[in-house]
Amino acid sequence: MEEIEEKDRRTILIVDDEKPIVDILVYNLQKEGYHTLEANDGAEAVEIALAEKPDLILLDIMLPKMDGLTVCKKIRSALNVPILMLTAKDEEIDKILGLELGADDYITKPFSVRELMARIKANLRKSEGGTVPMEENGDKAQVKRIKVGELALDFEKFEAKVSDEVIDLTLREFEVLKFLANQPGQVITREVLLEKVWGYEYYGDIRTVDVTVRRIRGKIEKDTANPKILITKRGVGYYIKAN
């Protein structure tokens, strides 16, 4: 493994009140070359996150003092940092609610450390930003902005506008729109979105995609029941409506 310079190491905040889990995560993350911060309750998590601005947060749902969903909402209102929810519950409401509050993904306990590390790396890669080569069209030029109908995206500023109004998106929401807008009118499956936008080399839970799309629609569509920009092809996937 190449030695990583101190200034280039990514910092990950682990938020969990179960010490054995924290110890396992600290050991494995440090072995991979990450800095780690720890918080054992929700209030401490918010304080550390806002002060230290970590590169990624692993956030348990069940926490003392302040639950993980509230923590997620508070952090997301101030920081655009990848948040992965850790949950012992396999109930849909926790997963969906966590994502709608701004979490980027969730993983259910007990989890595979290998799978969690893969998801962490994928989210960190996506959060590094930068423009994306348009390989789909064989054109390697770096595209900096794109406009499809009322939707305009500036890749350098990570800024989205609808009818010239700036829309407040998380990084993951922006990446979904960017990927779809680069191929207007082309239906993209949920599995492809998971692979290309979330960066997963396996098929995760496609409901993660559905919830993220629903959240985007709530921000860019005038009528979410009758969307005009981000369209569903029932049983297949999603696409940005071309002019």
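**Exercise 1.** In this predicted model, find which residues of H2 meet which residues of H3, then sort the residues of this contact into nonpolar, polar and charged.

*Solution.* Start on the H2 side: Gly-42, Ala-45, Val-46 and Ala-49 are the residues that meet H3. Across from them, H3 brings in Val-71, Lys-74 and Ile-75. Now sort the residues of the contact: five are nonpolar, one is polar and one is charged.

**Exercise 2.** Work out how helix H2 (residues 42-52) and helix H3 (residues 68-76) are oriented towards each other.

*Solution.* Begin with the geometry: the two helices pack at an angle of about 15°, and their axes are 9 Å apart. Next, apply the cut-off: angles under 35 degrees count as roughly parallel. H2 and H3 are therefore roughly parallel to each other. Finally, add the handedness: the crossing of H2 and H3 is right-handed.

**Exercise 3.** Describe the open sheet of four strands, and locate the helix that packs on it.

*Solution.* Let's write down the strand order, which is S8-S9-S10-S11, with antiparallel pairing. The edges are strand S8 (145-148) and strand S11 (165-167), each of which pairs on one side only. On average, and ignoring direction, neighbouring strands of the sheet are turned by 25° against each other.

Now zoom in on one pair: strand S10 (residues 159-162) runs antiparallel to S11, and three bridges join them. Within this pair, Ala-160 has Ile-167 in S11 as its bridge partner. The last step is the helix: H6 (residues 171-181) packs on the sheet, where H6 touches S8, strand S9 (151-154) and S10. The direction of H6 makes about 110° with that of S9.

Notes. Residues numbered from 1 in each chain as written. Predicted model: local features only at pLDDT ≥ 70, side-chain atom pairs only at ≥ 80, totals over all residues. Heavy atoms only, no water. Axes fitted to C-alpha atoms, helices over the stretch in contact; angles between N-to-C directions. Parallel < 35°, antiparallel > 145°, perpendicular 65-115°, else oblique. Left-handed = near helix turned anticlockwise from the far one by under 90°. Contact = heavy atoms within 4.5 Å. Nonpolar A, V, L, I, M, F, W, Y, C, P; charged D, E, K, R; others polar. Pairing = 2+ DSSP bridges.
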